[in-house]
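Please take a first look at the chain shown below. The paragraphs after it go through its strands, its sheets and its aromatic rings in turn.

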Amino acid sequence: MATLNQALVLALESNPKEAYVVAAETLLRLLDNIIREPQNAKYRTVRIDNPSIREKLLSVEGMKQLMLAIGFVESNGTLTVPSNVLLANVRRYREFLYERKELVKNPPKEKDITPIGSVTCTESNSSAASAAVTTTSTTNIPQEAATEKSKMVLQPSGSNATAGQQRPEALCVIKSSRPFLARIEFPKVIPGNNTLLRQLELLSDQVMQYEDELLLASGTSLIPIDTLTAKAKSKLTQWQRLLATSEATDQSKEPSEKDLLLEELTAWFRAEFFTWVNALPCTVCGNEKTQLVRSTVEDGVRVEVYQCCGQLRHFYRYNDVEKLLQTRRGRCGEWANCFTFLCRCLGYDARYVFSTGDHVWTEVWSERRQRWIHVDPCENVLDAPLMYEHGWRKEITYVFGFARDDVQDVTWRYTNDHQRLLQRRRQGGACSEHALLDAIAKLRTKRRAGLNCTPEQMSILRKRTIDECLELLANAGRVPTAAEREGRSSGSLEWRLQRGEQQTNTRYMFIPTEEEVQAKQFNIRYCCATDCYERFLKGASNRVNERITEKSNGWESRQYVSRNIFRKEELDWKMVYLARTEGTDEATIEWNFDFSVQGLRVKQIELRFGQETYEGAKVELYYIKSDGSQSQALSSLCECGKFTLQARLSGGKSWQHAQLFRQSKTATDEYPFEMNIVLM
């Protein structure tokens, strides 16, 4: 999904208020029409020479750039949203534009703004806990749109309110009880000038900023806890139904509601709360690949300066989570910092995890599993610690976890080749193992000394440390799971391609509808010429009386996950197909199916899967069951309730020598991918 370019929306507000409101409301009507009737072509196109469009919409400075960012394409005097533009992206722009327009049209009164000295959040309903920062800062947006720091307030977002509906009034101030440096100031216990060991103490002190009670109250008010809890409970119910079937009788596999809530928090954080920043987009031309001209330090904060169209924009790389709750953007450092804090807001024992391999993430203690769970909020991935070594192909040397009551060398969790790890450490010479263990023991003592723990609590912490050390040692030689072999999805496409890490995580799962359950059938097909999936029910005479129940545009819209895959159009031969991205040696794409929630299984299955290979290239199909076993025999899916269809593309002399679903661009009624299942 494309990143929401908030800066372009905010830049509109530099126009005169009356013209801005008219233009914003006009664009909102256009987007509402597209969202309401996505298959209606007339709603997707506007003529530039239309007097109303020209005067009300395009006369506002920055509007055209915003429309292009949303997905409009300019051609032959029109602005058109192509059918392959993701509707979810249109909705995100619509929601953010509506929030900003309402705030400009009806600004909060002075009496409604909570004083900085306190934190309150009052709502007319509980769902408004999903508040999002809609105030702005000179960190990431144009100077004209910035709000005074003394009036940093929060306006609710993420609700289902649409134009014409009254939105609940809520204003929250994000505030801590002490400045950032005061929150992380502690006596030093690590002597000497070893760079690695000094960094460990700095990070150990830095996580203590999360324990500020006033800041915790601010963070808690931003989490849509009711919505996330409801989703977690629904998932738990589905798990219980699944475990009640003959396929899964091991009740120990049932997750806890708190573990499922963590999954929902991670997904919400990535999809709605935080934004990845590759470079600050230009507010003039909309260019998202602005040039980094220099990096400086201001008041202890690293600042990246970007240039485009003669303008300089400053991106502040904050370590202060209070600032991050306001800006809600950054790269992995900001993501892990803010996410770990929000986990603390919900009462989880959480660690900020730092790797010398230039990435950071989080670990959360699971009471159900009695172990630490790896969570990467940038990727929306849980419990896949070997993915950095096997999926991202990074060399793991040092990884440390920092919590309010502990510091731990967790490197052994993130590699399964401990002998090579020790060899890398000896060759690197960052410090001796003895010095490292001594420093960790001192930092652990420092953290626990300030807890005022009872002897019983201290005993529990010591046992947890010992158990974890045994668990880490047992990780040697562990076989990575399928999830741990996946590449990276965060960061720009260009950046990932340099590492062979282009990945698209849609995480879509096919689950039978009520009609399909009653008909005991499931049918899906894909046309590469139209780039559209169709879900349908067969009639008594098969294709003659079939009924299409759903259409979805874009090959990625109904996949589960893919790596190094893209849709290629050959303009000369007028052919279209899915292939590996240029410069990559292999690619995978998966579709996920789950009929077990309704207690159904596969009785009969037919599959058409078009593929073309040249010059020794290969396309391999695998059918993967819920227990992890895989087969290349379609018949292996009979009596199966949940499975994944995976295609692997490799070999050949060029990236395009392995192709999926190749067909003519004019063959709009042919389906090279079709699956028909009779259920029982």
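Two strands pair if DSSP finds at least two bridges between them. Strands (E, at least two residues) and helices (H or I, at least four) are DSSP runs, numbered from the N terminus. The model is predicted, so local features need pLDDT of at least 70 and side-chain atom pairs count only at pLDDT 80 or more, while totals for chains, interfaces and linings use all residues. Residues are numbered from 1 along each chain as its sequence is written, and side-chain values use heavy atoms, with hydrogens and water left out.

The protein chain holds 18 helices and 32 strands. Of its 680 residues, 52% count as buried, where buried means under 20% relative accessible area, exposed over 50% and partly exposed in between, with a 1.4 Å probe and protein chains only. About 31,100 Å² of the protein chain is exposed, and carbon and sulfur atoms supply 49% of that area; the areas come from the Shrake-Rupley method with a 1.4 Å probe, and for residues only the protein chains shown count as cover. Among contacts (heavy atoms within 4.5 Å) with a separation of 6 or more, residues 24 or more positions apart account for 68%.

Strand E12 (residues 359–366) is a good place to begin. How many of the residues of E12 are buried? Eight of its eight residues are. On one side these are His 359, Trp 361, Glu 363 and Trp 365, and on the other Val 360, Thr 362, Val 364 and Ser 366, so both faces of E12 are covered. E12 pairs with strand E11 (residues 350–355) over six bridges in the antiparallel sense, and Phe 354 stands opposite Val 360 in E12. The hairpin of E11 and E12 has three residues between the strands, and there Asp 358 takes a positive phi near 70 degrees. Strand E13 (residues 371–376) also runs antiparallel to E12, joined by five bridges, with His 374 in E13 opposite Glu 363. Four residues separate E12 and E13 in their hairpin, and Gln 370 in the turn has a positive phi of about 55 degrees.

Another group of strands forms an open sheet of four, in the order E23-E24-E31-E27, with antiparallel pairing. Its edge strands, E23 (565–570) and E27 (611–613), each pair on one side only. Strand E24 (residues 575–580) and strand E31 (residues 658–664) are joined by four bridges, and Met 575 has Ser 664 in E31 as its bridge partner.

Next come the aromatic rings. Rings of Phe, Tyr and Trp (its six-membered ring) pair if their centres lie within 6.5 Å; planes under 30 degrees apart count as stacked, over 60 as edge-to-face and the rest as tilted. The count comes to 32 aromatic pairs. In one of them, Phe 510 and Phe 522 meet edge-to-face, 5.6 Å centre to centre with 65 degrees between the planes. Because Phe 510 lies in strand E18 (residues 509–510) and Phe 522 in strand E19 (residues 521–527), this pair ties together parts that are 12 residues apart in sequence. Phe 510 counts as buried at 1% relative accessibility, and Phe 522 is buried at 0%. Tyr 526 and Tyr 533 form a tilted pair, 4.8 Å centre to centre and 45 degrees between the planes; both Tyr 526 and Tyr 533 are buried.
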